[in-house]
Amino acid sequence: MTSDAIEAFELRRRFGDFWAVRNATFTVKRGSVAVLAGPNGAGKTTTVRMLTTVLRPSKGSARVVGFDVVKEYLEVRRRIAYMPQDYATVGDITPYEFITYSLMMRGVGYFTASREAKKWLDLLGLRQVAKRRSWVLSGGERRKMLVAATLAAGADVVFLDEPTTELDVESKYSVLRIIREASKQTGTTVLLTTHMLEEAQLIADQVVFINSGEAVASGTPSELLSRIPYKYKAIFELVDTKCLSGVKYLSVGSRVIAWTRSVEEARELAETCRPFTYSIRETTLEDAYLYIVGGEK
Amino acid sequence: MKSLWRVLGVAGFYSVWIRRQWTWIIQGALLPLGLVLLVYGWGGVEGVKLTIPVYIVASMWGFGLTIIGQSVGYDRVTREWERMVASQLTVGEYFAGMILGTLPLGLADIAPLVAIAILWGFDVKLLLLAVGLSPLAMAIGAFLSLAIVLRIKHPMNISAITNPLHLLTIFLPPVFYPSTVLPEPIRTAVLAIPTSSFAEIIRAFSAGVYMGERVYLAGISILAWLILTAITTKRALKWGLE
């Protein structure tokens, strides 16, 4: 038995003339929380839809828990749970009903499903709204309901496509914590997608960067961070960027993000450029992503 | 047993909106009752005798055409379809659950009519014929709408297609009026419409009217529709791996 829960090899998918995924090659270890990270339109959702047997790959192959997603798709389906992006449910359903029926749909008996539903409603802090119709719930509560139903399935591999969209900061961290705890307690492998890299850094054992339909890098957050030679970034507010000659930087309006190897180097840069304001921070996965995707340019 | 729970789980999902918006049931029951009064007013008891079995079949045709087609369309727009595909649920369990969950809406039309027919002492054989033809009418209606719905590439409100199609097949051809009012060859040509054929069969069996050839033609038309729409749906229906 392979130690990888997900193995994607040169996975490709075309819609007409457009290649939504051009080359997704990566693996995800069993029991880990992996994040497929990249900008909107990078091919994250299409990749997940192929891994969950919703879409047939145009080329390449993938295995989930050792089973081929095309040839052994029924075996794959028995072992996964999937929360699609932009998923919307019937407005009249309550969170309790949603989780209960979702579990029954997987072959769980009513009484067990009902008990599990109550447990997950408690875990995600939804007990108070358990009997409310979902159309009166907040966007965050609805999203929690969907995450709860997906995690409650007890699947070997859980796919969550943008699970924290619409969530406020507090709810976002609460959901991320529960996803991570559920994975660690039950050994469930989680693959979630996001375009917010701070989330990835927070939750992931492994991160796969995807850009323009291509998986460009994969590793633990610290491994990916080690691939960038810069450990710090100085955020300046300045008018003229001439002083940054020879320095890797990115302009965002009047603000400039300049990457440096040390705090001292950042301070020296600030002395030279004399910005209106500046701050120095450690580099994050966002910086690693920009570096890996954009290269040294 | 697991399969049964899966079907019941899907049925639970589909019954939710009917349970919460139960006035749909009232609407479903009011329409046939109104029609019975209308027909009684213009055509007396004989008219009602014939209208009730025809309405039962037409109602189940509409159930298949609108409710099942729209439910699948809605599931595809909301991505519920994808969530269900990526699970142990089979396509058969999905449709069985959907039909079971929404059946109260279909039965709301039929139940009052059956009660009226029995209380009025109408021919039970004709009622049984109508009830027997109903699943067939529902299946062809469902296949027809699915053959269209499953080929729509971009998300849209499916009822914009199924509702006009429903009205077109129920009220324009000779379903609630006799085909004898139409001149030949139109009278025969309308048998190509499945709802006309169902109504023609029921009319043929009522009051001992002999229409041998027309019944055969109607039967062939229904069979052809069943085969054609089933094949067309099967080609478009992909339960994952699209």
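These legends describe close-up views of a predicted model.

**Figure 1. Overview of chain A.** Chain A holds 10 helices and 14 strands. Its C-alpha trace spans about 70 × 45 × 35 Å along the principal axes. Of its 297 residues, 48% count as buried. Sequence-distant contacts feature strongly in the count: among contacts between residues at least 6 apart in sequence, 69% join residues at least 24 apart. The domain assignment gives domain 1 (4-225) and domain 2 (228-294).

**Figure 2. Where domain 1 of chain A meets domain 2 of chain A.** The C-alpha centres of the two domains lie 35 Å apart. Contact involves 13 residues of domain 1 and 9 residues of domain 2. On the domain 1 side, helix 7 (197-203), strand 9 (206-211), strand 10 (214-219) and helix 8 (221-226) each supply at least two residues. Helix 7 of chain A gives the largest share, 4 residues. By residue class, the domain 1 side divides into 10 nonpolar, 2 polar and 1 charged.

**Figure 3. Strand 3 of chain A, an enclosed strand.** Strand 3 covers residues 33-37, and 5 of the 5 are buried, so the rest of the structure largely encloses it. Both faces are covered. A:Val33, A:Val35 and A:Ala37 are buried on one side, A:Ala34 and A:Leu36 on the other. Strand 3 of chain A runs parallel to strand 8 (residues 189-194) of chain A, joined by 5 bridges. Here A:Val33 stands opposite A:Val190. Strand 3 of chain A is also parallel to strand 9 of chain A, with 4 bridges. In that pairing A:Ala34 stands opposite A:Gln206.

**Figure 4. Helix 9 of chain A and its two faces.** Helix 9 spans residues 263-273. Its residues A:Ala266, A:Leu269, A:Ala270 and A:Cys273 are buried. Seen down the helix axis, the buried residues fall within an arc of 100 degrees, so they line one face. They pack against strand 11, strand 13 (255-260) and strand 14 of chain A. The face turned away from the buried side carries the exposed residues A:Glu264, A:Glu271 and A:Thr272. A:Arg274 follows helix 9 of chain A, and its phi is positive, near 45 degrees.

**Figure 5. Strand 14 of chain A, a strand in the open.** Strand 14 runs over residues 277-282 of chain A. Of these 6 residues the number buried is 0, so strand 14 lies largely in the open. Strand 14 of chain A pairs with strand 11 (residues 232-237) of chain A in the antiparallel sense, over 6 bridges. Within this pair, A:Phe236 has A:Tyr278 as its bridge partner.

**Figure 6. Nonpolar cores.** In soluble globular proteins, nonpolar side chains tend to be buried together. The largest nonpolar core here has 145 residues. Those with the most contacts inside it are A:Ala37, A:Val64, A:Ile99, A:Ala148, A:Val157, A:Leu191 and B:Val57. Helix 2 of chain B gives this core its largest share, 17 residues. Domain 1 and domain 2 of chain A each contribute at least three residues to this core. Another core, of 11 residues, lies apart from it. Among its members are A:Tyr230, A:Ala234, A:Phe236 and A:Ala266.

**Figure 7. The contact between chain A and chain B.** Chain A gives 28 residues and chain B gives 26 residues. On the chain A side, the elements that give two or more residues are helix 2 (73-78), strand 6 (80-83) and helix 3 (95-104). The chain A side divides into 16 nonpolar, 5 polar and 7 charged residues.

**Figure 8. B:Val57 and B:Ser59.** B:Val57 is one of the residues with the most contacts inside the largest nonpolar core. Leaving aside neighbours within four places in sequence, B:Val57 is in contact with B:Ala130, B:Leu133, B:Ser134, B:Ala137, B:Phe198 and B:Ile202. B:Ser59 lies in helix 2 (residues 23-78) of chain B. B:Ser59 is buried, with 23 other C-beta atoms within 10 Å. Not counting residues up to four places away in sequence, B:Ser59 touches B:Gly106, B:Asp109 and B:Ile110. B:Pro104 is 45 residues from B:Ser59 along the chain, and their C-alpha atoms are separated by 13 Å.

Definitions and conventions:
Residues are numbered from 1 along each chain as its sequence is written. Chains are lettered from A and ligands numbered from 1 in the order in which they are written. This is a predicted model: local features need pLDDT of at least 70, side-chain atom pairs count only at pLDDT 80 or more; totals for chains, interfaces and linings use all residues. Two residues are in contact if their C-beta atoms, placed from the backbone, lie within 7 Å. Ala, Val, Leu, Ile, Met, Phe, Trp, Tyr, Cys and Pro count as nonpolar, Asp, Glu, Lys and Arg as charged, and the others, Gly among them, as polar. A residue is buried if 20 or more other C-beta atoms lie within 10 Å of its own, exposed if 12 or fewer, and partly exposed in between; C-beta atoms are placed from the backbone. Two strands pair if DSSP finds at least two bridges between them. A nonpolar core is a set of buried Ala, Val, Leu, Ile, Met, Phe, Trp, Tyr and Cys residues joined through C-beta atoms within 7 Å. Domain bounds come from an automatic or database domain assignment. The arc is that of the directions from the helix axis to the C-beta atoms.
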